[in-house]
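Reader: I'd love a close look at one helix in this model, and then a friendly walk through its surroundings. Could you take me through it step by step?

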Amino acid sequence: MSASEILDGLWYLAALSNELKPGAMLRRVLFGGPVVFGRTKAGEVFALRDVCPHRAAPLSAGRLCEIGGESAVECPYHAWAFRTTDGKCAAIPALHSEEKRDPSTIATKRYGLHEANGLVWIYHGEGMPETPPPDIGLAAGCRPKTVTIVEAKGPFDEAVIGLVDPAHTPTVHKQWWWREGAPRRDKTKNYEPTPLGMKIPAHAPSSNTRIYKFIGGAPTTEIEFRLPSLRLEHIRSGKRRILGLTTMSPTEPGTTRIVHVIFWDFALLDLIMPIAQSMADDFLAQDGAILTLQNDNLSRIDHRPLYFGDADEPAKWYLKLKRAFAQRKENGGFTNPLSPAELRWRT
Ligand code: FES
Ligand SMILES: [Fe+2]
């Protein structure tokens, strides 16, 4: 496995539900290739390879139509039409009336999608999904309250390591509301393996992190990482619940789209929604900026990273998880290679 390889057999965030309007299409580059996303008038989301098998025109520049009662995308060049349900060609208008050819032998790739909680996930891989789509544990009606999107330059793995790396927080994220000026203290965290990753089970958050004081009560936080690139931070205080979700999707080669979404289920926080949004924007911009700076070096030199001390263990665990998942076929399936562990660091 090369360090920059993108795992298949897993789900990545493709879009937000509200980016996909009924009857409209959206072209997006994912996994280095063009994908057309859309939503039929009936409300179903779909994704096809945005390349017409005929002469490679982008289907997204065409139009959504119906053929024999089924929704299809018509290519803007010669009007070949591809069904949104399976990507098969349903019409080639230029065939003459006695030409007995079957258009349905031609197809563009159709991607598996899963839409829930205002998020649209895409399956990266061939055939039937090997893993279920992400379940983020929210009630069906729960929708994002804040959304932040950053395009960061650099290797995908470096971006993902930022999700599990605890040591950059005091230097990169210096907001007053987080912990500006608060002295570093020794922290001890317990990690447990999970089906696709690892988590720090629910614990009382750092008392030197100010944001938790706003939530009130005796909050607990649970932090989970799942392959390929999903970080979930569940904060609970009594009946109140906040979920911060950060996830990364490979877009153009060497570019990663980082999406951060916050959900909550108590009205009091709605009052500070714009503040929460701008806090999240600042936070993510800081991660994007350091990745882009780091990438300027990485793109010029062949650098071998150093992993040093407990604070760098989660980065090594991510790479270990990734290797084990990449080798699942040779090994007769994926087994999480991690064991429960206790890590200590100063932040
Ligand atoms: S390129 Fe699409 S129909 Fe010809
Ligand atoms: Fe960060």
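How far apart are the end C-alpha atoms of helix α5 (residues 273–298), and what should its 26 residues span at 1.5 Å a residue?

Author: Happy to! Please keep in mind that this is a predicted model, where local features need pLDDT of at least 70 and side-chain atom pairs count only at pLDDT 80 or more, while totals for chains, interfaces and linings use all residues. Residues are numbered from 1 along each chain as its sequence is written, with chains lettered from A and ligands numbered from 1 in the order in which they are written.

The end C-alpha atoms of α5 are 37 Å apart, which agrees with the 38 Å that its 26 residues should span (1.5 Å times one less than the number of residues). Helices here are DSSP runs of H or I with at least four residues, and strands are runs of E with at least two, numbered from the N terminus. Within α5, F283, D287, G288 and L291 are buried (20 or more other C-beta atoms within 10 Å of a residue's own; 12 or fewer is exposed, in between is partly exposed, and C-beta atoms are placed from the backbone). The buried residues of α5 pack against two strands, β11 (146–153) and β17 (255–264), and against the helices α1 (156–164) and α2 (169–172).

Now for the wider setting. An automatic or database assignment gives domain 1 (10–124) and domain 2 (146–346), whose centres, taken over C-alpha atoms, are separated by 34 Å. Their contact (C-beta atoms within 7 Å) takes 9 residues from domain 1 and 11 from domain 2. On the domain 1 side, β1 (10–16) and β2 (24–30) each supply at least two residues, and β1 gives the most, with 5. That side divides into 8 nonpolar residues, 1 polar and no charged (nonpolar means Ala, Val, Leu, Ile, Met, Phe, Trp, Tyr, Cys and Pro; charged means Asp, Glu, Lys and Arg; the others, Gly among them, are polar).

Strand β2 also belongs to an open antiparallel sheet of 3 strands, in the order β2-β3-β4. β2 and β4 (45–49) are its edges, each with a single partner strand, so one side of each has no neighbour in the sheet. Strand β3 (33–39) pairs with β4 over 5 bridges (pairing takes at least two DSSP bridges), and G38 has F46 of β4 as its bridge partner.

Finally, I92 sits in the loop between β8 (89–91) and β9 (113–116). I92 counts as partly exposed because it has 17 C-beta neighbours inside 10 Å. Beyond its neighbours within four places in sequence, I92 is in contact with W80 and P103.
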